[in-house]
Amino acid sequence: MASYYDLSYGFDEDCFHPFGFPFFRNVQHFASHGCRHAFATFSLHTATHIDAPWHMVRDGRRLDQVPLQELIGRAVALDLSEHYGPETPPSRGISAEHLQARLEKNNLSLEAGDALIVYTGRAPLFLSDPSRYYEEYCTLDEGASQWAADRGVRLIGIDAPDIDLRTEYTEQPFRAGNHRFLLGRGIYIIENVGGEIARVLDKSFELIPAPLKVQGEFASGAPVRLIGRL
């Protein structure tokens with residue numbers, strides 16, 4: 001029988017985001033209305049979320065134009081925490097050499113159409129030390145993005161708040177090289193992968209992303225319930 005693992009974070013009013021914490025307001029209460037109903041205001045890129053090409057590509061597809069079958073499928077999760085975890089120097093690019101070495105060490109293959117999930121080991125900081133999590137993360141360098149694209153991956157997920165380092169956002173318009181390179185090639189991005197990610201490390205499994213179906217000009221991305229089936 002298959003096992004299912006939740007690789008996403010929930011979020012509430014205490015969930016940190018650089019643009020501000022989510023705001024919730026109860027508009028119906030059980031004592032008075034016999035039901036519960038709340039309004040919420042939050043960035044669509046809060047907690048575990050998917051980036052659609054529309055996020056960083058001028059004429060890219062919006063999230064509601066992305067078929068679910070392009071998101072769901074085989075995935076490989078690689079544990080690179082020994083090289084990029086919290087006890088190692090922060091704010092570095094992840095190398096293609098480390099990705100390839102981890103594949104080979106675990107006798108895994110990364111095929112065209114697969115999803116690549118990169119685990120740096122910094123996921124626990126999302127809840128325990130969010131400021132450090134957002135400021136000191138490691139993510140793919142240019143060579144690693146090229147390596148993944150050359151293998152025809154459909155999606156890249158990472159336990160980091162961004163697929164680009166903070167230095168890519170120092171001037172406007174943002175450089176955001178990894179975003180533009182990957183999304184421009186139709187490779188989707190899922191940031192803030194977490195939850196039960198430890199249960200699928202160095203394994204191949206089925207990845208089932210279920211994003212909120214945001215439509216229209218605002219559909220650059222959305223929170224996603226990320227499910228691993230092993």
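User: In this predicted model, which residue of β12 is the bridge partner of Ala210?

Analyst: The bridge partner of Ala210 in β12 is Arg225. That pair belongs to the ladder between strand β11 (residues 203-211) and β12, which pair in the antiparallel sense over 6 bridges.

User: Which other strands pair with β12?

Analyst: Strand β1 (residues 4-6) is joined to strand β12 (residues 221-229) by 3 bridges, and the two run antiparallel. Within that ladder, Asp6 stands opposite Ile227. Strand β4 (residues 49-51) also pairs with β12 in the antiparallel sense, again over 3 bridges, and here His49 faces Pro223.

User: How should one read the two faces of a strand, and which way do the residues of β9 point?

Analyst: The faces are read from the side-chain directions. In strand β9 (residues 155-158), Leu155 and Gly157 point one way while Ile156 and Ile158 point the other way. All of these residues are buried.

User: In which sense does β9 pair with β7 and with β10, parallel or antiparallel?

Analyst: Strand β7 (residues 115-119) pairs with β9 in the parallel sense over 4 bridges, with Val118 opposite Ile158. Strand β10 (residues 188-191) likewise runs parallel to β9 and is joined to it by 4 bridges. Gly157 has Ile190 of β10 as its bridge partner.

User: What unit do β9, helix α7 and β10 make?

Analyst: Together with helix α7 (residues 177-183), strands β9 and β10 make a right-handed β-α-β unit.

User: How is a buried helix face read, and which residues of α6 are buried?

Analyst: An α-helix has 3.6 residues a turn, so residues three or four places apart point the same way. In helix α6 (residues 142-150), the buried residues are Ala144, Ser145, Trp147, Ala148 and Ala149. They pack against several elements, among them α3 (96-105), β7, β9 and α7.

User: What is found at the N-terminal end of α6, and what follows the helix?

Analyst: Asp141 caps the N-terminal end of α6, with a side-chain oxygen 3.1 Å from the backbone nitrogen of Gly143. After the helix comes Gly152, whose phi is positive, near 75°.

User: How does one describe the packing of two helices, and what are the values for α3 and α6?

Analyst: Two packed helices are described by the angle between their axes and the distance between the axes. For α3 and α6, the axes come within 8 Å and cross at roughly 45°. The two helices are therefore oblique to each other. At the contact, Ala96, Leu99, Gln100 and Leu103 of α3 meet Gly143, Ala144 and Trp147 of α6.

User: Is Asn178 buried or exposed, and what does its side chain reach?

Analyst: Asn178, found in helix α7, has a relative accessible area of 7% and is therefore buried. Its side chain reaches the backbone oxygen of Leu140 at 2.7 Å. Leaving aside neighbours within four places in sequence, the contacts of Asn178 include Leu140, Asp141, Ser145 and Ile163.

User: Is Phe19 buried or exposed, and where does it lie?

Analyst: Phe19 lies in the loop between β1 and β2 (23-28). Its relative accessible area is 75%, so Phe19 is exposed. The C-alpha atoms of Phe19 and Phe42 are separated by 8.7 Å, and these residues are 23 residues apart along the chain.

User: How should backbone angles be read, and which residues have a positive phi although they are not glycine?

Analyst: Most residues other than glycine have a negative phi, and most peptide bonds are trans. Ala47 has a positive phi of about 55°, and Asp202 has a positive phi of about 60°. Ala47 is placed in the loop between β3 (37-41) and β4; with 0% relative accessibility, Ala47 counts as buried. Asp202 sits in the loop between β10 and β11 and is also buried, because its relative accessible area is 16% and the cut-off for burial is under 20%.

User: Which residues does a cis peptide bond join, and what is omega there?

Analyst: The cis peptide bond joins Gln172 and Pro173, with omega about -5°. Pro173 is in the loop between β9 and α7.

Methods: Residues are numbered from 1 along each chain as its sequence is written. This is a predicted model: local features need pLDDT of at least 70, side-chain atom pairs count only at pLDDT 80 or more; totals for chains, interfaces and linings use all residues. Side-chain values use heavy atoms; hydrogens and water are left out. Buried means under 20% relative accessible area, exposed over 50%, partly exposed in between (1.4 Å probe, protein chains only). Two strands pair if DSSP finds at least two bridges between them. A crossover is right-handed if, with the strands pointing away from the viewer, the path from the first strand over the helix to the second runs clockwise. Contact means heavy atoms within 4.5 Å. A polar contact is a pair of N or O atoms within 3.5 Å; within protein, one must be able to donate a hydrogen and the other to accept it, and residues adjacent in sequence count only if both atoms are side-chain atoms. Axes are lines fitted to C-alpha atoms, for helices over the stretch in contact, and angles run from 0 to 180 degrees between N-to-C directions. Angles under 35 degrees count as roughly parallel, over 145 as roughly antiparallel, 65 to 115 as roughly perpendicular and the rest as oblique.
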